[in-house]
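Here are a few exercises to work through with the viewer open. Try each task before you read its solution.

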Amino acid sequence: MRGLLDALLFTVVFAVLALVLVAITLEENVNATNPLNTVAILAFFLSPIVGTIIAIWRSKSRKVRAADDPSEEHAKPKQIVSKFDKKFKKRAKPSLNKKRNQRSQTNYSVVSSLKSFTTDVVGESNFQENLIEIMGPYTRDGRTQEIQCVIEREPENKFDKNAILVKIEGLATGYLPRDTAERVAAQMDNNSVESAICEARISGGWRTNQHDFGMYGVKLKIPKRGQIEFKSS
């Protein structure tokens, strides 16, 4: 591709120079049989050939430099990042991304008789990189998986003292909604539970192009109202 662009560039340059030379000869009313006029016309028609030859020569020169010095920038292609990927990198929170710690190990689990996943986790857009690591890259049809998660109290959270972080495989994936977190946090504190296992479902992760996609989302088997029971495993 770069060689083609070089060929077009040099062709245009030589063609323009030839046209300028023709214009000069015509302006000076030089006879049509004048050698200068003949040279200008030949240069115009030969410009594509000359441009291609120079482009090939430059391409071979670059390959030789790359072989002599593999550390040069041209020897290592840059990673292509789409607008879609940049969007998630801007949203991601580096402090929580890829964050794993031992607090995710728990001896408690949420007791639930629910048949469906009723509570939506919020903030998943900030943790798409983690969800992609868990579920795999986006596909045309998306993915769905039922999995265990850990809900973990985060009283040091500066935005909400009742915050409850949702982790899957040790990675942060979102938070319980504020109203749900307030109720669940109170019950966890009353039972001296810092973290508990809960059933979760991850779905989404479809993409047809960089403008048409659906992020991964997480739902939990936690009732939207009433008491929540915890059992020790």
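**Exercise 1: ring pairs**

This predicted model holds two aromatic pairs. Task: work out how the planes of phenylalanine 127 and tyrosine 175 are arranged, and where in the chain the two residues lie.

Solution.
- Start with the geometry: the ring centres are 6.5 Å apart and the planes make an angle of 50°.
- An angle under 30 degrees would count as stacked and one over 60 as edge-to-face, so this pair falls into the remaining class, tilted.
- Next, place the residues. Phenylalanine 127 is in the loop between β2 (119–120) and α4, while tyrosine 175 belongs to strand β5 (residues 171–175).
- That puts them 48 residues apart, so the pair links distant parts of the chain.
- Now check burial, with under 20% relative accessible area as the cut-off. Phenylalanine 127 has 1%, so it's buried; tyrosine 175 has 16%, so it's buried too.

**Exercise 2: the other pair**

Task: do the same for tyrosine 138 and tyrosine 216.

Solution.
- The centres are 5.2 Å apart with 90° between the planes, which makes the pair edge-to-face.
- Tyrosine 138 sits in the loop between α4 and β3, and tyrosine 216 in the loop between β8 (212–214) and β9. They are 78 residues apart, and this pair also links distant parts of the chain.
- Tyrosine 138 is buried because its relative accessibility is 10%, and tyrosine 216 is buried because its value is 1%.

**Exercise 3: into the core**

Task: find which residues have the most contacts inside the largest nonpolar core, then list what isoleucine 151 touches.

Solution.
- The largest nonpolar core has 29 residues, and Ile151, Ile202 and Leu220 have the most contacts inside it.
- Elements giving two or more residues to this core are α4 (128–135), β3 (143–153), β4 (164–168), α5 (178–190), β6 (195–204) and β9 (217–220).
- Set aside neighbours within four places in sequence, and isoleucine 151 is in contact with residues including Val110, Ile164, Val184, Met188, Ala196 and Leu220.
- For background, in soluble globular proteins nonpolar side chains tend to be buried together.

**Exercise 4: a charge and a ring**

Task: say which ring the charged end of lysine 221 sits over.

Solution.
- The ring is that of phenylalanine 117, and the charged end lies 5.1 Å from its centre.

**Exercise 5: the whole protein**

Task: say what share of the residues is buried, and how many helices and strands there are.

Solution.
- Of the 233 residues, 36% are buried.
- The protein has five helices and 10 strands.
- Carbon and sulfur atoms account for 56% of an accessible surface of about 14900 Å².

Definitions and conventions: Residues numbered from 1 in each chain as written. Predicted model: local features only at pLDDT ≥ 70, side-chain atom pairs only at ≥ 80, totals over all residues. Heavy atoms only, no water. Core = buried A, V, L, I, M, F, W, Y, C linked by side-chain atoms within 4.5 Å. Buried < 20%, exposed > 50% of the residue type's maximum accessible area, 1.4 Å probe, protein only. Helix = DSSP H or I, 4+ residues; strand = E, 2+ residues; numbered from the N terminus. Contact = heavy atoms within 4.5 Å. Areas by Shrake-Rupley, 256 points an atom, 1.4 Å probe, with all protein chains shown as cover. Phe/Tyr/Trp six-rings, centres within 6.5 Å; stacked < 30°, edge-to-face > 60°. Lys NZ or Arg CZ within 6 Å of the ring centre and 35° of its normal.
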